[in-house]
Amino acid sequence: MVGDGVFPTTLFAGKRVFVTGGGSGINLGIARAFARLGADIAICGRTQERLDRAAQELGGLGARVVAKAADVRQPDEMQAAFEAARETIGDIDVLVCGAAGNFLAPADQLSPNGFRTVMDIDLYGSFNAARLAFDQLVRSRGSIIFITAPMAHVAHAYQAHVGAAKAGVEMLMKNLALEWGPYGIRCNSIIPGLVEDTEGLHRISDEAGRQSFLDHIPLRRMGVVEEIGHAATFLASPLASYITGTSLWVDGGQGLPGSGFFNRNGADFLAANPRGGR
Ligand code: COA
Ligand code: NAP
């Protein structure tokens, strides 16, 4: 894999990383990247079996792992997950807010509860995690990485709920960078483009749509989860010690030409797959 061996495998030895939504996809890729560099890992999500599978894999990389089911919308559950992490591996040094929900839906057909559900998971859930990790991050002078999306910055059709939620997360990131900087806590975000073999990608496109996306990405390929992991380890590393309040696009240049390509695909995909196939 490109990037292997660039950082010493002890870079995060003795550090602890908590990843919300860490049981699958991009977030599990991020957890894996930290584990490969020596970190201990805590993950949460709603499905214990999924977390247990991920924990087994991360443990195989040498990490001590805490995997506790918690819904980011439920502060009590998140409090318990952070407590379990602290008791087992110690105060966390890095929080990754990656839990999210997405589906394609025309705004005029999206129910108020559908809109609110995505706002709750992405935005309210990110606040809950950051707020409830605050005391641990103060003690460790740690950092937070929020996982957002191009929809936070560029309007995309059928993504009103996601755009609003992720834009909120971007602003939350900047506010916390401002307020928590004096505690030594850095806050940044990663904006992944389209990432291969992920739930998020399958929720917005079929095979034909994915092929058509490629022509619109300057690097002419989608990203892979490892590349988002690399960005996260960089942002949490001492190499980024003076970087806070920043959004890092990891998208092969996808955001540069705008969202026209996405919108045309979305109309076709929704016509063939009502409710985005989900
Ligand atoms: N199109 C339109 N509306 C949808 C929808 C779809 N594909 N899927 C769910 N909704 C609506 C529901 O109809 C419901 O609204 P209603 O009560 O007015 O009918 C509302 O969203 C909540 O749905 P529910 O299934 O109860 O929510 P949940 O909390 O169990 O699940 C989701 C959250 C909907 C985001 C679900 O897709 C999920 O769990 N996603 C996580 C994985 C994911 O999205 N990965 C990609 C990350 S980019
Ligand atoms: P994914 O595998 O579905 O990841 C989402 C994770 O969040 C799942 O493990 C899910 O587990 C968890 N989750 C969902 N709702 C939750 C809740 N209420 N509380 C706790 N955990 C919850 O999807 P992905 O595509 O890898 O997406 C990961 C992140 O990357 C998201 O933030 C997404 O917005 C972002 N992103 C993805 C892409 C892409 O191309 N895929 C592009 C840009 C940004 P449970 O269902 O078990 O809870």
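Is Phe34 buried or exposed? Phe34 is buried, with a relative accessible area of 0%. Keep in mind that this is a predicted model. With that said, here is a quick tour of the ligand site and the aromatic pairs.

## Around ligand 1

Let's start with the ligand. Ligand 1 has 16 residues around it, and the closest are Arg46, Asn102, Ser111, Arg203 and Arg275. Sorted by class, that shell is made up of 7 polar, 6 charged and 3 nonpolar residues.

A few polar contacts are worth a look on screen. Arg46 puts a polar side-chain atom 2.7 Å from an oxygen atom of ligand 1. Asn113 also uses its side chain: one of its N or O atoms is 2.9 Å from an oxygen atom of the ligand. With Arg275 it's the backbone that takes part, as a polar backbone atom there sits 2.8 Å from a nitrogen atom of ligand 1. As for cover, ligand 1 on its own has 930 Å² of accessible area, and the protein covers 65% of that.

## Who builds the shell

Two elements each give two or more residues to the shell around ligand 1: helix 4 (112–140) and helix 6 (199–202). Helix 4 supplies the largest share, with 4 residues.

## Phe12 and Phe34

Now for the rings. Searching the whole structure turns up 7 aromatic pairs. One of them is Phe12 with Phe34, an edge-to-face pair with 5.0 Å from centre to centre and 70° between the planes. This pair links distant parts of the chain, 22 residues apart: Phe12 belongs to the segment before strand 1 (16–20), while Phe34 is in helix 1 (residues 25–36).

What about burial? Phe12 has a relative accessible area of 3%, so it counts as buried. Its partner Phe34, at 0%, is buried too.

## Phe134, Trp180 and Tyr183

Phe134 and Trp180 make another pair, this time a tilted one, because their planes are at 45°. Their ring centres are 4.6 Å apart. Phe134 lies in helix 4 and Trp180 in helix 5 (residues 160–180), so the pair ties together parts that are 46 residues apart in sequence.

Both of these rings belong to buried residues: Phe134 has 13% relative accessibility, and Trp180 has a relative accessible area of 8%. The story doesn't stop at two rings, either, since ring pairs link Phe134, Trp180 and Tyr183 into a cluster. Helix 4 therefore turns up twice on this tour: Phe134 lies in it, and 4 residues of the ligand shell come from it.

How values were computed. Residues numbered from 1 in each chain as written. Chains lettered and ligands numbered in written order. Predicted model: local features only at pLDDT ≥ 70, side-chain atom pairs only at ≥ 80, totals over all residues. Heavy atoms only, no water. Near = heavy atom within 4 Å. Polar contact = N/O pair within 3.5 Å; in protein donor to acceptor, adjacent residues only side chain to side chain. Areas by Shrake-Rupley, 256 points an atom, 1.4 Å probe, with all protein chains shown as cover. Nonpolar A, V, L, I, M, F, W, Y, C, P; charged D, E, K, R; others polar. Phe/Tyr/Trp six-rings, centres within 6.5 Å; stacked < 30°, edge-to-face > 60°. Buried < 20%, exposed > 50% of the residue type's maximum accessible area, 1.4 Å probe, protein only.
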